[in-house]
Amino acid sequence: MLKQYVVDAFTDSVFHGNPAAICVLDDWLPEETMMNITQENNLSETAFAVKEGEKYHLRWFTPGGEIDLCGHATLACGYVLLNYYIPDANRVVFTTLSGELIVNRLGKLLEMEFPAYRLKQVPVTQAMTEALGASPLAAYMGRDLLCIMQDEATLRNLQPNMAKVKQLDGLLLQVTARGTQTDCVSRSFAPKLNVGEDPVCGSGHCHIVPYWAAMLGKQDIVAYQASKRGGTLYCRLEGGKVFLAGQAVLFAVSEIML
């Protein structure tokens with residue numbers, strides 16, 4: 001039997017934020033088994049962690065395969081470890097495909113330290129407009145495609161064509177606009193990973209935060225992910241890194257019968 005935690009990240013109440021399944025292992029399972037668990041969960045991410053010395057090796061899987069960076073599942077794993085495995089600690093260090101990542105406990109918040117993506121402006125294309133159903137004001141490329149929309153209302157009303165989104169460059173499609181109640185709002189789409197709309201995308205904000213920090217001329221950004229579930233991220237750009245803070249709440253604990 002294998003214990004699994006399901007945590008809603010970037011929220012203080014269940015049924016909001018972004019759910020991630022977390023398995024803390026003594027030793028690595030076969031990759032096929034981890035993929036089977038991920039596909040059985042059918043969440044946007046299932047994360048697996050193994051303690052290695054004083055650090056934890058963390059891997060993230062979507063139903064479409066392993067990925068190199070995931071914010072909400074890192075926050076969720078930090079929540080599980082700091083509450084149930086190392087409750088006397090206020091910090092956990094992960095080794096990952098994206099290098100060393102750190103989660104710090106700051107009162108009710110958990111703060112992650114992530115690398116910021118370098119953004120290169122690219123032309124707005126007809127394919128982007130057709131995929132989104134609205135024309136972006138500008139577009140940028142990092143790991144993901146980042147499209148800037150005219151306003152929050154336009155962003156909230158988007159009904160993207162996922163088949164056409166899948167044909168765009170970039171791993172995910174991040175869409176953002178200036179917020180009315182927060183500095184910015186965003187939505188994230190990941191059909192290449194067999195995920196339609198990601199409820200709250202931490203790694204997406206490693207694109208979104210550098211953009212708005214430059215546009216607004218400030219380092220501290222309060223971001224809201226305007227998905228159906230919704231989620232709030234308290235962000236900071238500093239020294240080429242993005243610090244993402246939010247709350248998390250436990251939804252379920254279960255036992256997987258392998």
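Search this whole structure, a predicted model, and you find two cavities of 30 Å³ or more. The largest cavity holds about 100 Å³ of space, and the second largest holds about 50 Å³. There's also a largest pocket, with about 160 Å³ of space in it. How do you find gaps like these? Rolling a probe the size of a water molecule over the atoms shows where empty space is left.

**The largest cavity**

- Seventeen is the number to remember here: 17 residues line the largest cavity.
- Which residues lie nearest its centre? Those are Glu45, Ile67, Leu172, Asp198 and Cys201.
- Two elements each give two or more residues to the lining of the largest cavity: helix H2 (71-85) and strand S14 (195-198).
- Sort the lining of the largest cavity by class and you get eight nonpolar, six polar and three charged residues.

**The second largest cavity**

- Look along the chain for Leu145, Val165, Lys166, Leu168, Asp169, Gly170, Leu171, Leu172, Leu173, Phe189, Pro191 and Lys192, which line the second largest cavity.
- How does that lining divide by class? The second largest cavity has eight nonpolar residues, one polar and three charged.
- Leu172 is worth a second look: it is among the residues nearest the centre of the largest cavity, and it is also in the lining of the second largest cavity.

**The largest pocket**

- The lining of the largest pocket is made up of Phe10, Thr11, Asp12, His16, Tyr224, Arg229, Gly230, Gly231, Thr232, Tyr234 and Gln247.
- Which strand gives the most to this lining? That's strand S16 (residues 231-238), which puts in three residues.
- By class, the largest pocket is lined by three nonpolar, six polar and two charged residues.

**Spotlight on Thr62**

- You'll find Thr62 in strand S4, which covers residues 55-62.
- Is Thr62 buried or exposed? Thr62 counts as buried because its relative accessible area is 0%, and the cut-off for buried is under 20%.
- The side chain of Thr62 reaches the backbone oxygen of Leu193 at 3.5 Å.
- Leaving out neighbours within four places in sequence, Thr62 is in contact with Met35, Thr38, Ser44, Glu45, Ile67 and Leu193.
- Two of those names should ring a bell: Glu45 and Ile67 are in contact with Thr62, and they are also among the residues nearest the centre of the largest cavity.

Conventions:
Residues are numbered from 1 along each chain as its sequence is written. This is a predicted model: local features need pLDDT of at least 70, side-chain atom pairs count only at pLDDT 80 or more; totals for chains, interfaces and linings use all residues. Side-chain values use heavy atoms; hydrogens and water are left out. Helices (H or I, at least four residues) and strands (E, at least two) are DSSP runs, numbered from the N terminus. Buried means under 20% relative accessible area, exposed over 50%, partly exposed in between (1.4 Å probe, protein chains only). A polar contact is a pair of N or O atoms within 3.5 Å; within protein, one must be able to donate a hydrogen and the other to accept it, and residues adjacent in sequence count only if both atoms are side-chain atoms. Contact means heavy atoms within 4.5 Å. On a 1 Å grid over the protein atoms alone, a cavity is a set of points where a 1.4 Å probe fits but cannot get out, and a pocket is an open set with protein on both sides within 12 Å along at least five of seven lines; lining residues have an atom within 4 Å of a point. Grid points are joined across faces, edges and corners, and a volume is the space filled by probe spheres set on the points. Ala, Val, Leu, Ile, Met, Phe, Trp, Tyr, Cys and Pro count as nonpolar, Asp, Glu, Lys and Arg as charged, and the others, Gly among them, as polar.
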